[in-house]
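Work through the exercises below with the sequence and the model side by side. Each task is followed by a solution that goes step by step.

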Amino acid sequence: MVGRFIPSVTPPEGQGGPARWFIFSGYKLLVRMKNGMLDIPVLQDGPRDLGLEAVRLHFLGSRDGEACYSAEVPEDADPPPGMLFSGLRSLFDSLDSAFYRLAVVAVQVVDWDRTHQFCGRCGEKTRYKEGERAKECPRCGLTSFPRISPAVIVAVERGEKLLMARANRFPTAFYSVLAGFVEPGETLEEAVAREVKEEVGIELANISYFGSQPWPFPDSLMIGFTAQYAGGEICIDEAEIVDAGWFGADELPTLPGKISIARRLIDWFVEKQQKVD
Ligand SMILES: [Zn+2]
C-alpha cells in the first residue's frame, strides 16, 4: 500500500536535504543493492549526486515526512556503480512493497510528462500548471492530467469451475481470467459483460466489484469483478484468445504471477473452493 504517502506537486517550504529519488531511464527504475536487498536511493541533491543529468523531475509527495521525487534521465544513461536500471515487473518480488507502490506512482507521472510535451489539440509546447498535477497549453488552454486507462478483469464462476483463457498477447503460455479496456461511455459492469461475450461468447449474471490495482504498463487501472455464468457455450475470438475453458480449483493450468490482480482473483476462487470442500 502507498500507506502514509501524501501526494503533492509542491515541495514544502524550506524543503531541501535528503530525499528519496525514483529515477527512470525509459521505463526502467534505478535501484541500488543495499545489504542484499534492493533499495531506492536517498540523495542530497538529486540525480546529479550520481553524475546523472535529469531531463525532467517532479515532486511526488511525502512518505513519513520523507520527500519523494521522480526524475527522468536519458535512455542511454549508464547506471552508477552498485546500481542498476530495472523494469518494474521484475522488481515486484525484490523491492519493498511500499517503495514498489511509490515506483508505480512515479513511473506514471514520468510517462505522462514525457508523452505530453506538446498540446494534443494545437501542437504548442505545454507547460506545468501551478499547484496541480497537470499540464496546460499556453496557446489554446487545453489542460492535460495524468492519463489513467481503466480496464476490467473478471473471475467468472460456473458451479465449482472458473473460466480461464490464454490470450495471444500473453508472452508465456499461462491462463488467466478475462480482461479488457473500458470503452468510452460504458459502465464498468457493461465493459465486463461485453468483454466476456466478445472474447468467449458467455453471458454473465451477478457482476460484483472485487477490488482494483494500479497497473503501470503503462497507465492502466485494473478494476476486478466476480460474476456468475448465465448462459452460452465457449466460442473464442481467435484474434485475441488461443484457448479458453472451465477449470476446477484442483486442475488449474499455469497461472499468472503474484504481481497481478488476475492472480488475486484466481486465488480468491481457489480459497473459496477449499472452504466448500
Ligand atoms: Zn493547445
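A residue is called buried under 20% relative accessible area, exposed over 50%, and partly exposed in between, with a 1.4 Å probe and protein chains only. The model is predicted, so that local features need pLDDT of at least 70 and side-chain atom pairs count only at pLDDT 80 or more, while totals for chains, interfaces and linings use all residues. Residues are numbered from 1 along each chain as its sequence is written, and side-chain values use heavy atoms, with hydrogens and water left out.

**Exercise 1. Describe the site of the zinc ion, and state whether C119 and C122 are buried or exposed.**

Begin with the donors, which are N, O and S atoms within 2.8 Å of the metal (3.2 Å for Na, K and Ca); water is not among the atoms, so sites may look incomplete. The protein donors are the SG atoms of C119, C122, C137 and C140, at 2.3 to 2.4 Å from the zinc ion, and their spacing in sequence is C-x2-C-x14-C-x2-C.

Next, examine the angles: four donors count as tetrahedral if all angles lie between 85 and 135 degrees. Here the angles among the four donor atoms are 98 to 121°, and the site is tetrahedral.

Finally, turn to accessibility: C119 is buried because its relative accessible area is 7%, whereas C122, with 28%, is partly exposed.

**Exercise 2. Place D219 and identify the partner of its side chain.**

First locate D219, which is found in the loop between β15 (203-215) and β16 (220-231); strands (E, at least two residues) and helices (H or I, at least four) are DSSP runs, numbered from the N terminus. D219 is buried, since its relative accessible area is 8%.

Then list the contacts, meaning heavy atoms within 4.5 Å: leaving aside neighbours within four places in sequence, D219 touches Q108, R147, I148 and S149. The side chain of R147 is joined to that of D219 by a polar contact of 2.8 Å, where the term stands for a pair of N or O atoms within 3.5 Å, one able to donate a hydrogen and the other to accept it within protein, and residues adjacent in sequence count only if both atoms are side-chain atoms.

**Exercise 3. Characterise the ring pair of F210 and W268.**

Apply the rule that rings of Phe, Tyr and Trp (its six-membered ring) pair if their centres lie within 6.5 Å, with planes under 30 degrees apart counted as stacked, over 60 as edge-to-face and the rest as tilted. Y209 is exposed at 54% relative accessibility. Its sequence neighbour F210 forms an edge-to-face pair with W268, at 6.1 Å centre to centre and 70° between the planes. Because F210 lies in strand β15 and W268 in helix α4, the pair ties together parts that are 58 residues apart in sequence.

How values were computed. Four donors count as tetrahedral if all angles lie between 85 and 135 degrees; four count as square planar and six as octahedral if opposite donors are over 155 degrees apart and all others between 65 and 115; anything else is irregular.
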